[in-house]
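Please look over the sequence and the structure shown below before reading on. The notes that follow are grouped by topic, so that each part can be compared with the picture in turn.

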Amino acid sequence: MELNGCILTVVMLRDLERTPILSLDGVVLGRKVQGRLRRAAVRLSGVAPSVDQKWRRHLGRAFGEGLDEPRLKALGAMNPGDWFQRLAKGGLTEYLENVEYHARRLAKLDVAPGAALASIGEYEKALKSQLKQEFASDWESDESALSHLFFAVKLTLNDAYYQVRDLEATAFFAVLQDQLETLRVDDLLKRVLETLARTFRADAGAIVLRDSESDKLEVRAWRGMSAKLARCFSSEKKCGLAADISSTGKPRVVVDAGAEEARGLVGSAEIRNSFCSLWGVPLSVGGKVTGVVQLAFEREYLCLPREMKLFEAIAERCALAIDKAQLLEELHEREERIRRLGEHMMKVEEEERRRISRELHDEVGQSLLVVRLYLETVQSNLREDQPEVKAKVEAARTIAETTISEMRRLISALSPSVLADLGLPASIRQFVKNLGRTFPGEIQLNMSDVEELPAGPKIMMYRLVQECFSNAVKHSSANNVRVDLMRSNGSVEMRMRDDGVGFDLAEALRKRESFGLAGMRERVALLGGDIDIQSGPGKGTKVSIAIPV
Ligand SMILES: Nc1ncnc2c1ncn2[C@@H]1O[C@H](COP(=O)(O)OP(=O)(O)OP(=O)(O)O)[C@@H](O)[C@H]1O
Ligand SMILES: [Mg+2]
């Protein structure tokens, strides 16, 4: 099999994300090749050190200062030089597993795949030229075996890079999924921690958030440890890591929490006794640190550059999602408070109406009755020769009577006792009948299944029908008015339609002396219902209201 390093490199770079995972030992290297490779390895173990030196010199020229110790180590570990002894004895699988491990490290160390391939290619070139010089007689068989080996190495490298990128994409996707599926802050934090711990193989983790009232960082979610230990991760409890990250806004990694120099960052003995490495990144929104995510490892675990980048990117996304979820939660809480306040206000209003109607009835009503009685007594005691006085007293008595009946109407409107006595449908029927007397048009009233409503919606519906129907009678000049009241799917609905003159809603809402429509909208909103008013000059009016019950 003739392999050209350059072509292979190009193909592999292009296909980096597409190449399927291969069982290298079995698929690429057959038994015959493995045999040849073993024989070549025996010969090559002698020349490996000088090839290694050549390769390092080349890398120094190619990368200059850019290649630090961990990267150089990982690149070196992928070359077969150190492994010839073992390869000679057949440890090929072990070697390729080692290549895979170091290739994953290279990916996490953020070495471009092209650079890693170029470095391997360089080693291959150096090795073959040495081989040709020193073992010319076996050159052909050695060359072919090594080509196969390097092909396998490059495939392994490709596969390892793919695994790392795949893991990153999966982690990011999982975090997005967490955000889409979770609306409550605490649930979101828990799920994000799970995803992070899974991605980075952390043994435990904690998220601390800044409390808006106390401004302290308090632990809000944790995994893999007790609540007591989790509290040690907040800024208050001696773990300087959260405090440090929140003040600098920069990530921090403690590789060995037990080391003397780590004391400043990990003051808590509980943390030091339980974990070895700690990683932490800030959660920032608009340049302000709102919290810190910390991962803990029982064994020593370095955070490689690519891992830190992923950790930071996930934290960045999470910070926004947490902020959004917190705002939503606050909004819901505020809405709930307003709703409760509204409910309370409505109760107070009804209470006040009842109190006023009682006072009217007991005080003003009684006094008016007395006035009427007195007037009747005076009237009956008047002499016949006092016609003028008699007429005045008669007029006063009539005024007292109309005032009494007007007051009765007022009392009943203020506190519809009929509602408690007869229920909603009968009360509405009575109201519509009374007011309808002054309305020349046709009235249709349909009600179904609204007998058994809770007290709140019941009085509310009564008031809404009152206002809608009064408006139609007062303003619409309609020929037909229809009111439908029904219960459906957990709500009570009211629809009022008239074919009258209609009106401009925006203009009507601006009227300073009109409160009916605005009051209806407010009441419906407070009960978490919906109201829709459709009207226009000459188009009649439609009002639809639904209130949850
Ligand atoms: N069904 C209707 N047909 C025609 N115009 C209407 C109708 N309902 C309301 N309007 C118009 O909208 C205006 C505002 O109505 P709204 O109920 O807010 O106040 P109002 O009835 O004038 O006074 P009140 O505060 O006593 O209710 C009315 O003045 C009227 O011009
Ligand atoms: Mg009105």
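**Briefing on the predicted model**

In this predicted model, five strands form an open sheet with mixed pairing, and their order is β6-β7-β8-β10-β9. A second open sheet, also of five strands, follows the order β2-β1-β5-β4-β3 and has antiparallel pairing.

**The mixed sheet**

- The edge strands of the mixed sheet are β6, residues 442-448, and β9, residues 530-535, each of which pairs on one side only, and from one strand to the next the twist averages 5°.
- Within this sheet, strand β8 (residues 491-498) pairs with strand β10 (residues 541-548) in the antiparallel sense over eight bridges, and R495 stands opposite S544 in β10.
- Helix α20, which covers residues 516-526, lies across β9 and β10, and it runs at about 150° to β9.

**The antiparallel sheet**

- In the sheet with the order β2-β1-β5-β4-β3, the edge strands, pairing on one side only, are β2 (217-223) and β3 (252-254), while the twist averages 20° from one strand to the next.
- Strands β3 and β4 pair in the antiparallel sense over three bridges, and R252 stands opposite G280 in β4.
- Helix α10 packs on this sheet, where it touches β1 (204-210), β2 and β5, and its direction makes about 60° with that of β2.
- Helix α12 (residues 240-248) also packs on the sheet, touching β1, β2, β3, β4 and β5, with a direction that makes about 35° with that of β4.

**Helix α14**

- Helix α14 has 77 residues (305-381), so at 1.5 Å a residue it should span 114 Å, and this agrees with the 110 Å that separates its end C-alpha atoms.
- At G365, α14 bends by about 35°.
- The buried residues of α14 include E307, L310, F311, I314 and, further along the chain, S357.
- Among the elements that cover these buried residues are the helices α7 (92-108), α9 (139-181), α10 (185-200) and α15 (387-414), together with the strands β4 (277-285) and β5 (288-297).

**The surroundings of ligand 1**

- Which residues come nearest to ligand 1? Of the 17 residues around ligand 1, those that come nearest are N471, A508, S514, G516 and L517.
- Helices α18 (455-476) and α20 each supply at least two residues of the shell around ligand 1, and the largest share of that shell, five residues, comes from α18.

Definitions and conventions: Residues numbered from 1 in each chain as written. Chains lettered and ligands numbered in written order. Predicted model: local features only at pLDDT ≥ 70, side-chain atom pairs only at ≥ 80, totals over all residues. Pairing = 2+ DSSP bridges. Helix = DSSP H or I, 4+ residues; strand = E, 2+ residues; numbered from the N terminus. Axes fitted to C-alpha atoms, helices over the stretch in contact; angles between N-to-C directions. Contact = placed C-beta atoms within 7 Å. Expected span 1.5 Å × (residues − 1). Bend = angle between axes of the 7 residues up to and from the residue. Buried ≥ 20, exposed ≤ 12 C-beta atoms within 10 Å, placed from the backbone. Near = placed C-beta within 6 Å.
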